[in-house]
Amino acid sequence: MTIAGGEVDVEGAAGDWEREPDPSDSLRTFGAVVQALREHAGLSRVDFGTRVRFSKHTVESVELGRRMPDEDFVERAEEALGNTGALRKAARHLTRGEPGLAAWFRRWARLERVAVSLCTYECRLVPGLLQSEGYARAVFEGTIPLLTDEQLEAQLTARLERQRMMRERLTVPFSFIVEEHVFRRCFGEPEVMREMLEHVLDYSRPRNVTLQVVPLEAGLHACLDGPVQLLETPERRRLGYSEGQQNGRLISGPKEVSLLCQRYETLRSQALNPMESRALLERLRGEL
């Protein structure tokens, strides 16, 4: 908060109320650039704050990615740090955090929204794009550390929002290959599992969606190294993504992406075909 044209701000007295609840990668990167330029200029946070007419606390929050800088801050910081134009250009790409999405997943989620094709292999859970609301809620309720009610609802909302593109992007090919045991693992009551299977069958019905199940008897196959996602950008560039405990990695190296594509294509031939896969899910649903 600023008064008198931005000459004074009172974040230090008011506490953290202006801080971003979920800092984005772009905010953290912008803040790191501000800090590097400030330190290169030999300025402390107090000295720099005096020059840009914001408190030391605001400078610290911006540098740590905890606060979205306003236009006055960006302009004054530019003037104080050499007028290179770097901060003005970087500020154009600032985005707020996306509640409900893990920090390491946000970049991939943005790429998903514009991808011209998307492939997913999963061996742990039903893929997020295919999860029913009840199944997703059961997953989040079992998260460690436990989520608050607000955090749980934010994650659930973000997951269901991601699924909208399955209904809206009907010309984009979506391919899913999922291990059979994933559909057999029970989450909650039988009603939850039945709803999940019906949801998956419904979402995999459109012509642009292909779902294949890797049967229990398949044995060793091409993707035993773990889950993987692949997409093609509008510029026809292929990218990959792999995720583990508390981390995710965007894979852009052509050789590594090519290897992942080869493994995925091989797994297609090792999994049940789409018709067989649907028949299996319908049978599992009937057993509940």
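Colour the protein chain by secondary structure to begin, and 14 helices and eight strands appear, where helices (H or I, at least four residues) and strands (E, at least two) are DSSP runs numbered from the N terminus. This is a predicted model, in which local features need pLDDT of at least 70, side-chain atom pairs count only at pLDDT 80 or more, and totals for chains, interfaces and linings use all residues. Residues are numbered from 1 along each chain as its sequence is written, and side-chain values use heavy atoms, with hydrogens and water left out.

**Confidence and overall packing**

Next, colour by pLDDT, the predictor's confidence in each residue, from 0 to 100. The average for the protein chain is 88, and 89% of the residues score at least 70. Select residues 1-18, where the pLDDT is below 50, although this stretch has 28 contacts in the model beyond near neighbours in sequence; a contact here means heavy atoms within 4.5 Å. Where pLDDT is low, the predicted coordinates should not be read in detail.

Of the 288 residues in the protein chain, 43% are buried, a class that means under 20% relative accessible area, with exposed meaning over 50% and partly exposed lying in between (1.4 Å probe, protein chains only). Among contacts in the protein chain with a separation of 6 or more, 72% are between residues 24 or more positions apart.

**The six-stranded sheet**

Now select the open sheet of six strands, whose order is E5-E4-E3-E6-E7-E8 with mixed pairing; two strands pair if DSSP finds at least two bridges between them. At its edges are strand E5 (209-214) and strand E8 (247-251), each of which pairs on one side only. On average, neighbouring strands of this sheet are turned by 10 degrees against each other, direction ignored.

Zoom in on E3 and strand E4 (residues 174-179), which pair in the parallel sense over five bridges, and find Glu122 standing opposite Val178 in E4. Then add helix H13 (residues 254-270), which lies across E3, E4, E5, strand E6 (228-232), strand E7 (238-244) and E8, and runs at about 70 degrees to E4. For such angles, axes are lines fitted to C-alpha atoms, for helices over the stretch in contact, and the values run from 0 to 180 degrees between N-to-C directions.

Thr120 is a useful selection here, placed in strand E3 (residues 117-122). Thr120 is buried, its relative accessible area being 6%. Leaving aside neighbours within four places in sequence, the residues in contact with Thr120 are Pro127, Ser175, Phe176, Ile177, Val228, Gln229 and Tyr264.

**Cysteines**

Select the cysteine sulfurs next. A search of the whole structure finds zero disulfides, a disulfide being a pair of cysteine sulfur atoms within 2.5 Å. For Cys123, the closest cysteine sulfur is in Cys223, and the distance of 9.0 Å is too far for a bond. Cys123 is partly exposed at 21% relative accessibility, whereas Cys223 is buried at 5%.

**Salt bridges**

Side chains of opposite charge can pair when their charged atoms come close. The rule used here asks for a side-chain nitrogen of Lys or Arg within 4 Å of a carboxyl oxygen of Asp or Glu, and the count comes to 22 salt bridges.

Start with Arg38 and Glu39, whose side chains meet in a salt bridge at 3.8 Å, N to O. Arg38 is buried at 6% relative accessibility, while Glu39 is partly exposed at 46%.

Move to helix H5 (residues 71-80), where Arg76 and Asp72 are four residues apart and so are separated by about one helical turn. Their side chains meet in a salt bridge at 3.9 Å, N to O. Arg76 is buried, with a relative accessible area of 10%, and Asp72 is partly exposed at 36% relative accessibility.

Finally, select Glu78 and Arg88, which form a salt bridge with their closest N and O atoms 4.0 Å apart. Because Glu78 lies in helix H5 and Arg88 in helix H6 (residues 86-91), this pair ties together parts that are ten residues apart in sequence. Glu78 is buried at 1% relative accessibility, and Arg88 is partly exposed with a relative accessible area of 27%. To end the tour, show Arg38, Glu39, Arg45, Glu60 and Glu63 together, as salt bridges that share partners join these residues into one network.
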